[in-house]
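Trainee: I would like a close look at a single part of this model, taken slowly and with the cut-offs spelled out.

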Number of protein chains: 2
Amino acid sequence: MPEQAAGRFVRMFLSKSFGYALRSILYLVLAHDENKRIQLSEIAGKLNIPRHFLGKVMKRLAKEGVLLSQKGPMGGFIINGQTLQTPLIKIAMITGESAHFDSCVLRLKKCNSQQPCPLHQQALQIRDKWLDLLSSVTVSDLYKKDQADFIKSIANI
Amino acid sequence: MPEQAAGRFVRMFLSKSFGYALRSILYLVLAHDENKRIQLSEIAGKLNIPRHFLGKVMKRLAKEGVLLSQKGPMGGFIINGQTLQTPLIKIAMITGESAHFDSCVLRLKKCNSQQPCPLHQQALQIRDKWLDLLSSVTVSDLYKKDQADFIKSIANI
DNA sequence: AATATAAAAGATGCGAACGTCTTTTATGGA
DNA sequence: TCCATAAAAGACGTTCGCATCTTTTATATT
């Protein structure tokens, strides 16, 4: 089973909004200059993200305290004390709007912890690994690990 | 992070079509009677699956050889020699129509094996565990493991 | 051969994630 | 105080997985 082909049939990913949010946050982190706010149009332009769509994502991030926003002339977005310490799972929760997660990965209706399907435990373990990973990794972890490659990831379209 | 809440924000599941396919196959396995074909309306009715939608799923399964179909009076669906040996990943591939899987779980555009993002390896490992599980488990494995609970899972809505 | 049956096939509709456009609100500066 | 700027907010459009309905094709029975 070629990895690329198989991946198409199993969904294990985050929303597009999540990707937009993460890349925008990293952009703000890299471009951070004390007191200088960065505007939506710059972020959307540099990262090639639909501007108005990104506006909604950024609004939610600001509302949740992951970053700061300011209206008006010289306004824009800027990181705050929380930004670097934000775990990825928080960004996922802020941007994730899909409410239809079935606890049984096989979609068997009567499957639960009391009456688990044969895959229940193994599937839960894998999902928990995934959640643990997103919970343990923060924005600063990403920023630190391999910065050179990272800047490219962000700046390039 | 409560497990149930977190699950809503991370997508790791199979399509509805997959669930319909799997449950229908298991139904055919359990209800199997030499030479007696089972009709779409019975399966859809018993499993509470939209009939016409299931028709398309079953058609694909038959076309791929996972089971047999026959038109006309006394027609219907029936398992064949392959059915029990079918790994779940095959059902996922047949029923999976989502073609938009990004190799980078963080949706970073420049992330690949040459230039991996900080989560790339860990995320791939988790995804591979998930793919391995689906590749190693066959229909007969599900059928055998805990049959009593299973029949309930299938027969109940 | 004619008929009834059941899957195959195709047209159409729905809802949610994703995306675009316009209007409103807040704010720094003239 | 007025104006320009930039985010906030909300209306509207698009796409795709999911679902429904109708028509066509194949086949067992008469």
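How far does a backbone N or O atom of K16(A) lie from a phosphate oxygen of DNA strand C?

Mentor: The model is predicted, so local features need pLDDT of at least 70 and side-chain atom pairs count only at pLDDT 80 or more, whereas totals for chains, interfaces and linings use all residues. Residues are numbered from 1 along each chain as its sequence is written, chains are lettered from A and ligands numbered from 1 in the order in which they are written, and side-chain values use heavy atoms, with hydrogens and water left out.

A backbone N or O atom of K16(A) lies 3.1 Å from a phosphate oxygen of DNA strand C, and a polar backbone atom of L40(B) is 2.7 Å from a phosphate oxygen of that strand; a polar contact is a pair of N or O atoms within 3.5 Å, and within protein one must be able to donate a hydrogen and the other to accept it, while residues adjacent in sequence count only if both atoms are side-chain atoms. For P73(B), a polar backbone atom is 3.4 Å from a base oxygen of DNA strand C.

Around the strand there are 28 residues, of which P50(A), K56(A), Q70(A), Q39(B) and L40(B) come nearest, where a residue is near if one of its heavy atoms lies within 4 Å. Seen from the DNA, 66% of the strand C atoms within 4 Å of the protein belong to sugar or phosphate, and the rest belong to bases. The residues of this surface divide into 7 nonpolar, 12 polar and 9 charged, with Ala, Val, Leu, Ile, Met, Phe, Trp, Tyr, Cys and Pro counted as nonpolar, Asp, Glu, Lys and Arg as charged, and the others, Gly among them, as polar.
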